[in-house]
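Please look at the sequence and the structure together, and keep both in view while you read the paragraphs below.

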Amino acid sequence: MKALLPIGGMPLALLVAKRAMNRDRPLLLTTSDEPSDDALSALFKGEGIEVFRGDLDDPLARFEAAARPLRDDDWIIRITGDNPLPDGELLERLVRESEARTLDYLRIDAERSRLPYGVSAEIFRVERLREAAHFAVDPHDREHITPWIRRAVGDATLHPTTHLAPAEKERNAVDRSPLPHPGALRATIDSARDYERMLRVFQGIDDPVAASLDELIERLREIDLAAPRVLLPRDRPRLMLGTAQLGLDYGIANQTGRPNRSECRAILETAFRAGASGIDTARVYGDAETRIAEVFSSDPALELPIATKIAPLNEQPSARRGDTDEALALRAELSLFHSLHALQKPRIESLLFHRFHDLERLDGAGLERFRALQRDGYFRHLGVSVQSPEEAFAALRYEAIGEIQFPMNLLDARFDSFVREASTRPQVKLVARSVFLQGLVLMREGALPRMAGASEEVLRAVSQKLDEAVEMTRSKSRLNLAIRFMRAFSRIDALVIGAETRAQLEEILLAFCEPPLSLSEVKALRSHFGRLPESLLDPSKWKISENPAAATRQRSER
């Protein structure tokens, strides 16, 4: 039971309670009447702290019953027993701001309040709690106590200016300081790594009950080296971490090769803690699925929705000429279960056909087989990865398809009309990949490959126009430009972008926090680049005779 883990010289839950009471407000522990909570209840009673016990399966009813002696206009401040940083002064700030803004509900949000994840608390009027207990019927509402209240009176969050650590007061919302974004720091205890981190925060503190929140946040900054510098915005399109680089030497601009285990973990953890919307992977991305599982299984606190792709049916080792539709459907189904096994997951967010042709082959009974698997809960969305606008438009006509992934970037306007057409089916998730055109957008003139179908003159002209576009849009870099360009397409739900190093991912995160280009800038850039040959825009058509970047890497590895 983590509530009884020692920290700061006492059990975790007791430290949480005493820090909350260090401005002399009374505290009531509400816990279940199950035998498993007897030790916790005895601990608090032994410290002279009042305890209320009730139904394990209905926390909302338990909370309402505990509050019956209170008046309707009294405040309740709710904190949880696994977050040891909040102190009495922070709770007083919640009361003051709630009253100043005449609110009936206020909470701390890591991103909006610019406080570490786990420095959390919420305050609400007793009257609102009673209304929720009476009207809320959804099991989620009753388990988490306050969702009904937030919907009823508004989800107000603590203003960031009301509580900032000293170092944070000197920083802008987005900058290139090595200090992490405060909301990306982890101050909760959901895993062994979280617990180890909090032990280090409180180590050597003379009085862990009285230590100020500011002091503890500053210590956490020094310790939590995995925290990213920014938190990603929540508007569309969001960042989806691509993982081809984790399992393969992917991309013509890749100069570092496949990341080692430590770097792989740093990339995945940074994406999670920065607020990425999910992970994109595939059976054919080498051992990417296995590496994802290694990282996530080692730390239960790490969790992101995962989309994977079925191995192309005609490219699997068991493929035979003239296979029946039944054999193809079985092979596709086995690919799904191989992915679930590799990922160590009972279910995933999305399952995509890696080739549109495979979707066509399985139309009918084969596709219905996958809809049955979807109904059984193995994945939420069934989708397809397409290569051409024709495939994208055709995929949009499939009722069963709820997600379409397609290549798009500032050089490639072929899918613009598809994105506009997809507005007629807003329930279909759109995911754009190839934002950097496998790194070609980022490569300088001296490193450009020799490519059949695109002359050196064309490649040099494109490189020059990219530099001109950076100046035209006042972008910080080509990477910054490419992301801000794609962020202008609000109908797109997510952009799949991979990274070979954590440093690359940090640069990507910073670009996501910049304002997207305006529609007029997007239009100007489409005109600036003009119509480029498909042999340049479609990596499947590339025939590279020399890749200077790869050659440099190979020489360095010898």
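What follows is a walk through a predicted model, beginning with its strands and moving on to helices and aromatic rings.

A good place to start is the barrel, in which eight strands close up in the order β8-β9-β10-β11-β12-β13-β14-β16, with parallel pairing. From one strand to the next the twist averages 30°. As background, the strands of a sheet pair through backbone hydrogen bonds, and the pairing can be either parallel or antiparallel.

How does one find the place where this ring of strands closes? Following the order of the barrel, we come to strand β8, residues 238-242, and β16, which run parallel and are joined by five bridges. Within this pairing Met240 stands opposite Val496 of β16, while Arg238 has Ala494 of β16 as its bridge partner. Strand β8 also pairs with strand β9, residues 278-280, again in the parallel sense and over three bridges, and here Gly242 stands opposite Asp280 in β9. Because four of the five residues of β8 are buried, this strand is largely enclosed by the rest of the structure.

Strand β16, residues 494-498, is mostly covered, with five of its five residues buried. In a regular strand the side chains alternate between the two faces of the sheet. In β16 both faces are covered, since Ala494, Val496 and Gly498 are buried on one side and Leu495 and Ile497 are buried on the other. Besides its pairing with β8, strand β16 runs parallel to strand β14, residues 429-433, to which two bridges join it, and in that pairing Val431 stands opposite Ala494. Elsewhere in the barrel, strand β10, residues 306-310, and strand β11, residues 348-353, run parallel and are joined by four bridges, one pair of bridge partners being Lys309 and Leu352 of β11.

We can now turn to the helices, taking α20 as an example. This helix covers residues 456-472, and at 1.5 Å a residue its 17 residues should span 24 Å, which agrees with the 24 Å between its end C-alpha atoms. Which residues of α20 are buried? They are Leu459, Val462, Ser463, Leu466, Ala469 and Val470. These residues cover an arc of only 120° around the axis, which puts them on the same side of α20. The face turned away from this buried side carries the exposed residues Glu457 and Glu471. Just after α20, the chain reaches Arg474, which takes a positive phi of about 55°.

Helix α23, residues 519-529, can be read in a similar manner, and its buried residues include Val522, Leu525, Arg526, His528 and Phe529. Seen down the axis of α23, the buried residues fall within an arc of 160°, so they line one face of the helix. On the face turned away from the buried side of α23 we find the exposed residues Leu519, Ser520, Lys523 and Ser527.

The last topic is the aromatic rings. A pair of such rings is described by the distance of the centres and the angle of the planes. The structure holds nine aromatic pairs. In one of them, the rings of Tyr105 and Phe124 have their centres 6.5 Å apart and their planes at 15°, and since planes under 30 degrees apart count as stacked, the pair is stacked. This pair links distant parts of the chain, with Tyr105 in strand β6, residues 105-107, and Phe124 in strand β7, residues 122-125, 19 residues apart. Both Tyr105 and Phe124 are buried.

Another pair is edge-to-face, namely Phe406 and Phe418, with 5.2 Å from centre to centre and 80° between the planes. Phe406 lies in strand β13, residues 403-407, and Phe418 in helix α19, residues 416-421, so the pair ties together parts that are twelve residues apart in sequence. Are these two rings buried or exposed? Phe406 is buried, with a relative accessible area of 0%, and Phe418, at 0% relative accessibility, also counts as buried. Phe406 and Phe418 belong to one aromatic cluster together with Phe393 and Phe415.

Some rings also have a charged side chain over them. Arg78 lies over the face of Phe63, at 5.9 Å from the ring centre, and Arg125 lies over the face of Trp75, at 3.7 Å from the ring centre.

Key: Residues are numbered from 1 along each chain as its sequence is written. This is a predicted model: local features need pLDDT of at least 70, side-chain atom pairs count only at pLDDT 80 or more; totals for chains, interfaces and linings use all residues. Side-chain values use heavy atoms; hydrogens and water are left out. The expected span of a helix is 1.5 Å times one less than its number of residues. Buried means under 20% relative accessible area, exposed over 50%, partly exposed in between (1.4 Å probe, protein chains only). The arc is that of the directions from the helix axis to the C-beta atoms. Rings of Phe, Tyr and Trp (its six-membered ring) pair if their centres lie within 6.5 Å; planes under 30 degrees apart count as stacked, over 60 as edge-to-face and the rest as tilted. A charge sits over a ring if NZ of Lys or CZ of Arg is within 6 Å of the ring centre and within 35 degrees of the ring normal. Two strands pair if DSSP finds at least two bridges between them. Axes are lines fitted to C-alpha atoms, for helices over the stretch in contact, and angles run from 0 to 180 degrees between N-to-C directions.
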